[in-house]
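Visitor: I should like to understand how the terms used for a protein model are justified. May we look at one together?

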Amino acid sequence: GLWQTRRHPRSISTVWPPMIPFCLILGDSTAIGTAQALAAQGIRCEVHARVGAGSAEIERRVSGASPATVALIALGSNDAASPALATNLVVIRRKTTAVRVAWLAPYDLRAASIVTSIAARFGDMVIPLRAQPSRDGIHPVSYRPVATSLRWGAAAPVRAAVAPAPIARATVLMMSGPLAP
């Protein structure tokens, strides 16, 4: 068949055929928060993110990120003043092969301007974090409205065509060490 279920004394594992994950999330703590809010809505994504990550780190370490139907790039909060921010974000965007790409524009005005400019260049959607209340000027109080703004739940027919079931690619990686290529 298309998949196999293996029963072990303490676990059941399902081995699916190779597939393209529905969604990919790249970034920093705002990416992690958004991934958690999406998971609460039943949307599980492949996540390459780390609290405190900057654009240079993600650019270096995510050279082999999986292709996906939709992707979110959430960077710039931790390296807003970096002269290399724009260059790093363009390289990351070029490596992203998703059909639809969305960006989180950080609270920092300089970083938000850079993100918005790059997104416009590629015809991508931008979700401005400044539209959400924040206690620290970096993270929204709640990621639920951010996740809802992506409108990925509306893509269920696409998701069903890509993966046998939304839970089939249920890996949410919250890495604290180096990202594997």
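Guide: Let us begin with two terms: "buried" means under 20% relative accessible area, and "contact" means heavy atoms within 4.5 Å. The model before us is predicted. In helix H3, the residues Leu85, Asn88, Leu89, Val90, Ile92 and Arg93 are buried.

Visitor: What covers the buried residues of H3?

Guide: The cover includes strand E3 (23-27), helix H2 (55-61), strand E5 (70-74), strand E6 (100-105) and helix H4.

Visitor: How is the packing of two helices described?

Guide: One gives the angle between their axes and the distance between the axes. For H3 (residues 85-95) and H4 (residues 109-122), the angle is about 35° and the axes are 10 Å apart. Their crossing is right-handed. On the side of H3, the contact is made by Leu85, Ala86, Leu89, Val90, Arg93 and Arg94; on the side of H4, those taking part include Ile114, Val115, Ile118 and Phe122.

Visitor: Which classes of residue make up the contact of H3 with H4?

Guide: There are 9 nonpolar and 4 charged residues, with no polar ones.

Visitor: What makes E4 and E7 edge strands?

Guide: Each of them pairs on one side only. The open sheet has 5 strands in the order E4-E3-E5-E6-E7, and the pairing is parallel. From one strand to the next, the twist averages 15°.

Visitor: How do you know that E6 and E7 pair?

Guide: Pairing requires at least two bridges between the strands. E6 and E7 have 4 bridges, in the parallel sense, so they satisfy the rule. Leucine 104 stands opposite isoleucine 127 in E7. H4 also packs on the sheet, where it touches E6 and E7, and its direction makes about 165° with that of E6.

Visitor: How many aromatic pairs are there?

Guide: The count comes to 1 aromatic pair.

Visitor: Why is the pair of phenylalanine 22 and tryptophan 152 called edge-to-face?

Guide: Two rings pair if their centres lie within 6.5 Å, and planes over 60 degrees apart count as edge-to-face. Here the centres are 6.3 Å apart and the planes stand at 80°, so the pair is edge-to-face.

Visitor: Why does the pair tie together parts that are apart in sequence?

Guide: Phenylalanine 22 lies in the loop between strand E2 (11-15) and E3, whereas tryptophan 152 lies in the loop between helix H5 (144-150) and helix H6 (156-162); the parts tied together are therefore 130 residues apart in sequence.

Visitor: Are phenylalanine 22 and tryptophan 152 buried or exposed?

Guide: Phenylalanine 22 and tryptophan 152 are both buried.

Note on methods
Residues are numbered from 1 along each chain as its sequence is written. This is a predicted model: local features need pLDDT of at least 70, side-chain atom pairs count only at pLDDT 80 or more; totals for chains, interfaces and linings use all residues. Side-chain values use heavy atoms; hydrogens and water are left out. Axes are lines fitted to C-alpha atoms, for helices over the stretch in contact, and angles run from 0 to 180 degrees between N-to-C directions. Helices (H or I, at least four residues) and strands (E, at least two) are DSSP runs, numbered from the N terminus. A crossing is left-handed if the near helix is turned anticlockwise from the far one by less than a right angle, and right-handed if clockwise. Ala, Val, Leu, Ile, Met, Phe, Trp, Tyr, Cys and Pro count as nonpolar, Asp, Glu, Lys and Arg as charged, and the others, Gly among them, as polar. Buried means under 20% relative accessible area, exposed over 50%, partly exposed in between (1.4 Å probe, protein chains only). Rings of Phe, Tyr and Trp (its six-membered ring) pair if their centres lie within 6.5 Å; planes under 30 degrees apart count as stacked, over 60 as edge-to-face and the rest as tilted.
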